[in-house]
Amino acid sequence: ACWAAAPMMAALAAPAAAPNNGQQGQLHARCAKTKLCKYALSGVCGRGDMCNFAHSPDELKPMPDLRHTKLCPAMSSPGGCTDPACSYAHSKDQLRRVRLDVAPGRRAVAKPS
């Protein structure tokens, strides 16, 4: 889930950098309208245009691809990660950055420099 991705912020802008408020704001903006509002579906959302969730399928935006933006926590344990579908990076070479300032539909992934 996009909103659950907030802890990944350290790896998003620069794998070794701590997050800053600008990066958190960009992640928040990129994740807005990526899921339907459960309250709007029931007709009770009071946030209107200020709601971070889409109120119709037409309003939905694609979620940013956050795969391999953080090191796998299982890699620090004996035996490492055994999940073939793991979405975490398993080495620093696999870490990648997501350009949050790029609009959806454009190329938004950059290799670390």
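The following paragraphs describe the fold, surface, cysteines and salt bridges of a predicted model.

The predicted protein contains three helices and two strands, and these elements succeed one another along the sequence in the pattern α-α-α-β-β. Of the 113 residues in the protein, 26% are buried. When contacts between residues at least 6 apart in sequence are considered, 48% of them are found to join residues at least 24 apart. The accessible surface of the protein amounts to about 7,300 Å², and carbon and sulfur atoms account for 54% of that area.

On this surface, a nonpolar patch is formed by Leu36, Leu41 and Leu60, which together contribute about 260 Å² of accessible area. Leu36 is located in the loop that runs between α2 (21-31) and α3 (38-41), and with a relative accessible area of 34% this residue is classed as partly exposed. Its inclusion in the patch is consistent with that value, because patch members are required to have over 30% relative accessible area, and Leu36 stands at 34%.

The cysteines were examined next. A disulfide is a covalent bond between the sulfur atoms of two cysteines. A search of the whole structure returned zero disulfides. For Cys72, the closest cysteine sulfur belongs to Cys86 and lies 3.8 Å away, which is too far for a bond, since a disulfide is assigned to cysteine sulfur atoms within 2.5 Å. Seen from the other partner, Cys86 likewise takes part in no disulfide, the nearest cysteine sulfur being that of Cys72 at 3.8 Å. Both side chains are nevertheless shielded in the model: Cys72 is buried, with a relative accessible area of 7%, and Cys86 also counts as buried, at 15% relative accessibility.

Three salt bridges were found in a search of the whole structure. One of them brings together the side chains of Lys33 and Glu59, with an N to O distance of 3.1 Å. Lys33 is situated in the loop between α2 and α3, whereas Glu59 is in the loop between α3 and β1 (97-98), so this pair ties together parts of the chain that are 26 residues apart in sequence. The two partners fall into separate accessibility classes, Lys33 being buried with a relative accessible area of 14% and Glu59 being partly exposed at 30%. The loop between α2 and α3 therefore holds Lys33 of this salt bridge as well as Leu36 of the nonpolar patch.

The remaining ionic pairs involve Asp65, which counts as partly exposed at 30% relative accessibility. Asp65 forms a salt bridge with Arg67, in which the closest N and O atoms are 2.6 Å apart. The side chain of Asp65 also meets that of Arg96 in a salt bridge, at an N to O distance of 3.2 Å. Asp65 and Arg96 both lie in the loop between α3 and β1, and their pairing ties together parts that are 31 residues apart in sequence. Arg96, in contrast to the partly exposed Asp65, counts as buried, with a relative accessibility of 11%. Through the sharing of partners, these salt bridges join Asp65, Arg67 and Arg96 into one network.

Key: Residues are numbered from 1 along each chain as its sequence is written. This is a predicted model: local features need pLDDT of at least 70, side-chain atom pairs count only at pLDDT 80 or more; totals for chains, interfaces and linings use all residues. Side-chain values use heavy atoms; hydrogens and water are left out. Helices (H or I, at least four residues) and strands (E, at least two) are DSSP runs, numbered from the N terminus. Buried means under 20% relative accessible area, exposed over 50%, partly exposed in between (1.4 Å probe, protein chains only). Contact means heavy atoms within 4.5 Å. Accessible areas come from the Shrake-Rupley method with a 1.4 Å probe; for residues, only the protein chains shown count as cover. Patches are made of residues with over 30% relative accessible area and no salt bridge: like charges are joined within 9 Å, nonpolar side chains (Val, Leu, Ile, Met, Phe, Trp, Tyr) within 5 Å. A salt bridge is a side-chain nitrogen of Lys or Arg within 4 Å of a carboxyl oxygen of Asp or Glu.
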